Amino acid sequence: MSADPPSTLDASSRSVPRDPQLRPGSQSALRRRNSQRILQSLMARGPLTQAELSRQTGLSTATVSNIVKAMAEDGLISTEPTTSSGRRALSVRIDGRGAVAVGVDFGRRHVQVVLVSLDHRVLAADAVELPLGHDAEQGIDAAARLVQRLLDENSVSPGAVLGVGAGIPGPIDRRTGTVIHGAILPEWVGINLLARLQERFGADVFVDNDANLGALAQVSWGPYQHAQNLVFLKIGSGIGAGLVLNGELYYGHIGVTGEIGHATVAEHGVICRCGNRGCLETVASTSTMIDLLSHGRNAPIGTEDIVRIALDGDPAALRVIDDAGLAVGRALANVCNLLNPEFIVVGGPLTGLGGILLDPVRRGLLRHVVPVVGESTELAMSTLGSRAEALGAATLVLQQAELPFV
């Protein structure tokens, strides 16, 4: 096996180093805590004057001024003169390129990357295609090249990267970070994704199932930021659900949750890749739709073609989507009867279908759910498009990575 190329991100080159020897109660530890309080206030509220930062954090104006000066020198924040209550003041904002989170979404045929600033701005995003059946090394190398290109094109230093979040379409054993059986990428099964990405990127890494990341994105970036109970359903080559319960992502015992794609909806249906028969994925995934709609056509079709021909009124596409939507709604009814969520948000590559997909899902849901639960559950299409999972991956970093300090 050939040696790996050098790590894309060198943790030792960070402009804001971490000191593992910081002693609780020391001046360095106190300065670190105060720096993080200032950053967290700016992340939560946007630009603030130094006086406002003092009031928000409870720190003295002199302490705020000293820390702001040091942060500006390290490129974490930028300042500009302003006026407040008729007086001259200094406005402080997070510098988007001073500290960034990287979000990576691995798919069956693609890898997508976003760069996100501490104040939740998307600095850059792009995706590249991957061959069907690619292995983990191909996918990880493609992701590393794409990350490096986006950093270079946007003048972001590798040392400014707080960490890398990554999602994969399949279950991950949270005890080990290993991809386990049931993933849409069978070539990745058995790979310790967490360890491999840490080795490749040389940075803090956080991994999760893509549907969980889609759910996290909805409550972090979408219109559901105050939702306490939400189900995010991703319909793609596989079908999975991310669950937000009581305001937190739900992981169960070892992290394998939301496998709604393997709920039985056709008792005598075809054999699923999981080994069972008649799973939801066998009747409602985009792979199944492509197989059904490719018969009798001169050229093979892809997911984008499903959306296009359905919007054009193709009767076969409309029938296939209607059947799939009814099956999805039936499976969702069981979830709703068990969890009683406030919102169900549908995402994945078919979001462009809008009501063409959402209407049969709603009919299937209302037909099988307890009436009062159906009446009190809002069903909607995701507004985050194809970026949802990558945005959720970046959010993992913003939530869990250690913030920089001066």
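## Exercises on sheets, helices and cores

Strand β4 (residues 100–106) and strand β5 (residues 110–117) pair in the antiparallel sense, over seven bridges. The model is a predicted one.

**Exercise 1. Place β4 and β5 in their sheet, and state which strands stand at the edges.**

Step 1. Start with one residue pair. Asp105 stands opposite Gln112 in β5.

Step 2. Read the strand order. The open sheet has five strands, in the order β6-β5-β4-β7-β10. Its pairing is mixed.

Step 3. Find the edges. They are β6 (122–129) and β10 (205–209), and each pairs on one side only.

Step 4. Add the twist. From one strand to the next, the twist averages 15 degrees.

**Exercise 2. Identify the strands that α5 and α13 meet in this sheet.**

Step 1. Take helix α5 (residues 193–201). Helix α5 lies across β4, β7 (161–168) and β10. Against β10, α5 runs at about 145 degrees.

Step 2. Take helix α13 (residues 388–400). Helix α13 packs on the sheet and touches β4, β5, β6, β7 and β10. The direction of α13 makes about 140 degrees with that of β4.

**Exercise 3. Work out the order of the three-stranded sheet, and explain why one side of β1 and of β2 has no neighbour.**

Step 1. Write the order. The three strands of this open sheet run β1-β3-β2, with antiparallel pairing.

Step 2. Look at the edges. β1 (48–49) and β2 (77–84) each have a single partner strand, so one side of each is left without a neighbour in the sheet.

Step 3. Check the pairing of β2 with β3 (residues 87–94). Eight bridges join these antiparallel strands. Thr83 stands opposite Arg88 in β3, and the bridge partner of Ser78 in β3 is Arg93.

Step 4. Check β1 with β3. Two bridges join this antiparallel pair. Thr49 has Ser91 as its bridge partner in β3.

Step 5. Inspect the turn. The hairpin of β2 and β3 has two residues between the strands, and Ser85 takes a positive phi near 55 degrees there.

**Exercise 4. Describe how α2 and α3 pack.**

Step 1. Give the geometry. Helix α2 (residues 50–57) and helix α3 (residues 61–73) pack at an angle of about 115 degrees. Their axes are 9 Å apart.

Step 2. Give the handedness. α2 passes α3 in a right-handed crossing.

Step 3. List the residues. From α2 come Gln50, Leu53, Ser54 and Thr57; they meet Thr61, Val64, Ser65 and Val68 of α3.

Step 4. Sort them by class. The contact has three nonpolar, five polar and no charged residues.

**Exercise 5. Find which element gives the largest share of the largest nonpolar core.**

Step 1. Size the core. The largest nonpolar core has 48 residues. Those with the most contacts inside it are Ile38, Leu42, Leu53, Ile77, Leu118 and Leu230.

Step 2. Name the contributors. Elements giving two or more residues to this core include α1, α3, β3, α6 (210–220) and β14 (343–347).

Step 3. Pick the leader. α13 supplies the largest share, eight residues.

Step 4. Examine one core residue. Among the residues Leu230 touches are Ala215, Tyr224, Leu243, Phe343 and Val345.

Step 5. Separate the second core. This core has 41 residues, including Val231, Ile306, Leu358 and Val361.

Methods:
Residues are numbered from 1 along each chain as its sequence is written. This is a predicted model: local features need pLDDT of at least 70, side-chain atom pairs count only at pLDDT 80 or more; totals for chains, interfaces and linings use all residues. Side-chain values use heavy atoms; hydrogens and water are left out. Axes are lines fitted to C-alpha atoms, for helices over the stretch in contact, and angles run from 0 to 180 degrees between N-to-C directions. Helices (H or I, at least four residues) and strands (E, at least two) are DSSP runs, numbered from the N terminus. A crossing is left-handed if the near helix is turned anticlockwise from the far one by less than a right angle, and right-handed if clockwise. Contact means heavy atoms within 4.5 Å. Ala, Val, Leu, Ile, Met, Phe, Trp, Tyr, Cys and Pro count as nonpolar, Asp, Glu, Lys and Arg as charged, and the others, Gly among them, as polar. Two strands pair if DSSP finds at least two bridges between them. A nonpolar core is a set of buried Ala, Val, Leu, Ile, Met, Phe, Trp, Tyr and Cys residues joined through side-chain atoms within 4.5 Å. Buried means under 20% relative accessible area, exposed over 50%, partly exposed in between (1.4 Å probe, protein chains only). Lists of a residue's contacts leave out its neighbours within four places in sequence.
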